[in-house]
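Here is an informal walk through one structure, with a few local details worth a look. Have the viewer open as you read.

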Amino acid sequence: MNCSSRPRLARRIATALAVPAVALTSLLAVGTTPAQAACSDVDVVFARGTGETPGLGILGRPLVSGLQSQLGGYTVSSYAVDYAANSSQTSAGPGATDMSAHVSSVAASCPGTRFVIGGYSQGATVTDIAISIRTGVTMGTPIPSALSGRVAAVVVFGNPLGASGRTIATSSTVYGPKSRDYCNVSDSICGRQGSNPAGEGSGGHLSYSSNGSVTQAATFAAGLVRAGGTGGGTTPTPTPTTCVTASTLSHVAADRAVSLYGRAYARGSRDALGLTSSYNTVSLRQSGTASWDLVASC
């Protein structure tokens, strides 16, 4: 090979090596472009309880499965709130901020998606803060008020808010009518103690996964999703409901509530209504044949 041919050979080798490099760069560029995630009809956003390993937790997993089973014709996705769930309870605020950020992000990308949000124990506090209920534990960023209509249902278990005599239904006029607080009669974390009327809500703070509460929550949330007409190809006609404002004594007399040790609880939902008295007036909305929910007003 003469000297004059060597530069030409070097250029050909360089060109040959450059082609795979360009192709590899192109492939990398395509591979790193985030794919547009498919939008679901319903997104379940759930915060696990204190000390549980990261994920949906012992109650979030069956809640998602229950909704997927009950919402035939709907696509149901899920998101586990990313927070520490520490024993000092100081992580609830950051958890609420993460819940809010996820709802805001998905709502912006998926205009048709509605949300079922909730949590267990400290995860319930996460949910309280995310829907703008002051708990006195930690502070967090709530879900923007403009997105409240996109939240179809709120379900919480063992909510520490109950220790102060409150529920989501009594604390939020926006989310209260579409919420359900599950608090076992013997769960002191959410402010309930004593024996159990009518066999409802048996067990303490660790019994929600085994006493039927999660199944009830899935049924409750699925009903609100269907009433909202999301997914499934049709818009069902909501079932008319009855709402009654009366004293807790009258509610007990009409079998809309039960009384235990001088305190009233809504029939079916077991929502705490306060003292059984002719002076204590509350509003109950019928949610089933023999089930009533506490609401802010009729």
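Let's start in the loop between α7 (248-253) and β7, which is where Asp255 sits. This is a predicted model, and in it Asp255 has a phi near 65°, a positive value in a residue other than glycine. Most residues other than glycine have a negative phi. Asp255 counts as partly exposed because its relative accessibility is 46%.

Ala85 also has a positive phi, of about 50°, although it is not a glycine. Look for Ala85 in the loop between β2 (76-80) and α3. With 3% relative accessibility, Ala85 counts as buried. A further positive phi, about 70°, turns up at Ser132, just after α4.

| Residue | Phi | Where |
|---|---|---|
| Ala85 | about 50° | loop between β2 and α3 |
| Ser132 | about 70° | just after α4 |
| Asp255 | near 65° | loop between α7 and β7 |

What about α4 itself? Helix α4 covers residues 122-130, and nine of its nine residues are buried. Among them are Gln122, Thr125, Thr127 and Asp128, along with Val126 and Ile129. The cover over these buried residues includes the strands β1 (42-47), β3 (114-120) and β4 (151-157), plus the helices α3 (92-109) and α5 (168-171).

Back to β7, which belongs to an open sheet of three strands in the order β7-β8-β9, with antiparallel pairing. β7 (257-260) and β9 (272-275) stand at the edges with a single partner strand each, so one side of each has no neighbour in the sheet. From one strand to the next, the twist averages 25°. Between β7 and β8 (residues 263-266) there are four bridges, and Ser259 has Ala264 in β8 as its bridge partner.

Two of these strands also help line a pocket: β8 and β9, like β5 (179-182), β10 (281-288) and β11 (291-295), each supply at least two residues to the lining of the second largest pocket. That pocket holds about 450 Å³ of space. Its lining has 30 residues, and the closest to the centre are Gly165, Arg263, Ala272, Leu273 and Gly274.

How far does the predictor's confidence go? The mean pLDDT of the protein chain is 81, with 79% of residues at 70 or more. Over residues 9-36 the pLDDT is below 50, and this stretch has two contacts beyond near neighbours in sequence. Residues 194-200 also stay under 50, though there the model has 17 contacts beyond four places in sequence.

Terms used
Residues numbered from 1 in each chain as written. Predicted model: local features only at pLDDT ≥ 70, side-chain atom pairs only at ≥ 80, totals over all residues. Heavy atoms only, no water. Pairing = 2+ DSSP bridges. Axes fitted to C-alpha atoms, helices over the stretch in contact; angles between N-to-C directions. pLDDT = per-residue confidence, 0-100. Contact = heavy atoms within 4.5 Å. Buried < 20%, exposed > 50% of the residue type's maximum accessible area, 1.4 Å probe, protein only. 1 Å grid on protein atoms, 1.4 Å probe; cavity = no way out; pocket = protein on both sides within 12 Å on 5 of 7 lines; lining within 4 Å. Points joined across faces, edges and corners; volume = space filled by probe spheres on them.
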